Amino acid sequence: MKLKNKILKNIKIEGIAAEGKCITRYDGQVIFVTGVAPGDTADIKVIRKKKSFLEAIPVAIHEYSSLRAEPFCEHFGTCGGCKWQHINYQTQLDYKHQQVVDNLERIAKVPLPEAKRILSSEETRYYRNKLEFTFSNKRWLTKEEISQDEDLDRDALGFHIPKRFDKILDINHCYLQPDPSNDIRLTVKEVAKANNIPFFDLITQEGYLRNLIIRNTVAGEVMVILQVAGDNEEYLFAVLDALKNKFPQITSLNYVINTKKNETYNDLEVVTYHGLPYITEQMQLPDAPDKHVKFQIGPKSFFQTNAKQAEALYKKAWEMAKLTGEELVYDLYTGTGTIANYIAANAKEVIGIEYVEAAIEDAKVNSEINNISNTKFFAGDMKDLLTDHFIAEHGRPDVVITDPPRAGMHPDVCEVLINTRPQRIVYVSCNPATQARDLALLGDYYEVTDVQPVDMFPHTYHVENIVTLELKG
């Protein structure tokens with residue numbers, strides 16, 4: 001039967017699958033459906049046929065699931081940022097927990113303990129400390145606006161429409177980042193319109209205003225980075241002066257002149273127009289409630305985007321590492337040394353390794369401002385730097401903490417860990433599937449003794465997971 005473009009009636013949505021899509025079945029075929037909730041009964045239209053599954057969208061929902069929640073954002077359904085607002089938070093947690101379990105059981109194929117209850121996020125709105133907005137003179141129009149056939153304002157400052165690099169959804173209010181994020185973004189747009197400053201055209205590469213990044217700390221410090229396409233002081237200072245005068249919370253006001261064809265600026269100069277070239281975040285030390293470790297965050301620095309939940313994540317990793325103060329710890333994929341500096345007081349020495357050289361410089365600064373003297377940081381490709389020779393020179397680790405990117409650890413890194421045989425490995429992952437693959441590689445030598453899922457990003461399908469591996473025998 002030809003199913004593409006066919007509407008299937010009264011289909012019961014069974015559950016949630018990978019990447020936040022829901023799953024159902026029809027005539028023995030698996031169908032992934034967007035825009036519905038598990039428990040809904042809907043008419044769905046098949047829009048794509050793959051070899052082993054179909055993809056569909058809802059055209060009518062006859063019965064709404066009891067697991068639903070009322071979306072709180074006016075942009076939900078168009079913006080791709082918070083795909084699960086229509087599902088209540090406890091259900092989100094349940095599915096994320098199950099996602100971890102399913103990946104570990106299906107891919108790792110090693111004996112597993114029962115996964116601990118997922119660690120929920122204390123805040124489910126306004127939890128991000130960094131957002132990036134794009135300017136465009138080709139605003140995404142709704143069907144209603146298109147049908148009006150009016151001369152509409154096409155300038156936008158907001159988020160990319162999913163799978164459309166050239167279309168930007170203009171954002172009125174975003175629930176991801178706390179005040180004054182929304183006011184800053186709206187002020188920038190208002191000043192730009194009042195001064196006839198041209199928004200960038202992502203196709204022709206013409207215009208002036210390109211990109212706006214807002215970062216904040218739990219203590220309320222704010223960093224703003226404005227990317228512009230050329231050296232026009234009249235345009236530039238009109239925006240920057242307006243922000244400086246209206247928002248005393250901005251402690252780091254910066255700009256980047258970017259004439260490239262993309263918005264990445266790691267290879268470009270960031271000019272501090274007002275304030276300091278960084279903001280400072282801090283985390284309470286795990287075993288000393290009256291002490292904190294501070295982190296300087298520059299315009300190019302990486303830092304976990306949910307700072308409060310990152311503290312909970314790192315505390316859990318610290319607990320699972322079971323440090324006594326006598327261990328040599330390797331912190332792999334250390335980034336700006338966040339975990340390394342967080343645990344340093346409980347270790348004999350911590351060695352951090354990271355690919356990005358600028359991040360390693362940040363890590364050293366963060367040790368310095370906290371008067372931490374028992375850390376060492378090295379920059380290089382993990383598979384090339386972490387060798388038997390490196391370990392012979394710097395010492396065999398008692399404990400390894402690893403927090404790789406979504407792609408997981410390189411097989412060569414797993415091989416070095418097997419050869420080195422640290423007593424304990426604490427594996428922090430933002431992708432349980434690649435984590436499970438790596439556990440399979442380590443499974444002959446290590447036993448998984450602890451599994452702790454963590455929710456860092458409410459209203460999305462992303463989930464972090466921490467696993468403890470103990471050396472066998």
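On a 1 Å grid over the protein atoms alone, a cavity is a set of points where a 1.4 Å probe fits but cannot get out, a pocket is an open set with protein on both sides within 12 Å along at least five of seven lines, and lining residues have an atom within 4 Å of a point. Grid points are joined across faces, edges and corners, and a volume is the space filled by probe spheres set on the points. The model is predicted, with pLDDT of at least 70 needed for local features and 80 or more for side-chain atom pairs, whereas totals for chains, interfaces and linings use all residues. Residues are numbered from 1 along each chain as its sequence is written, and side-chain values use heavy atoms, without hydrogens and water.

One cavity of 30 Å³ or more is present. The largest cavity has a volume of about 110 Å³ and a lining of 13 residues, with Cys73, Cys79, Cys82, Gln85 and Cys174 nearest its centre. Nine lining residues of this cavity are nonpolar (Ala, Val, Leu, Ile, Met, Phe, Trp, Tyr, Cys and Pro). Four are polar and none is charged, where Asp, Glu, Lys and Arg count as charged and the others, Gly among them, as polar.

The structure contains zero disulfides, a disulfide being a pair of cysteine sulfur atoms within 2.5 Å. The sulfur of Cys79 cannot bond to the closest cysteine sulfur, that of Cys82, because the two are 6.4 Å apart. Cys79 is buried, at 18% relative accessibility (buried means under 20% relative accessible area, exposed over 50%, partly exposed in between; 1.4 Å probe, protein chains only).

The second largest pocket encloses about 1,100 Å³ of space. Its lining comprises 30 residues, with Thr34, Gly35, Ile57, Gly77 and Lys83 closest to the centre. Strand 6 (53-63) is one of the strands that supply at least two lining residues, and its four residues form the largest share. Strands (E, at least two residues) and helices (H or I, at least four) are DSSP runs, numbered from the N terminus.

There are 22 salt bridges, each with a side-chain nitrogen of Lys or Arg within 4 Å of a carboxyl oxygen of Asp or Glu. Lys138 and Asp201 form one such pair (2.8 Å, N to O), linking parts of the chain 63 residues apart. Lys138 is partly exposed at 30% relative accessibility, whereas Asp201 is buried at 7%. Another salt bridge joins Arg424 and Glu470, with the closest N and O atoms 2.7 Å apart; Arg424 lies in strand 20 and Glu470 in strand 22.
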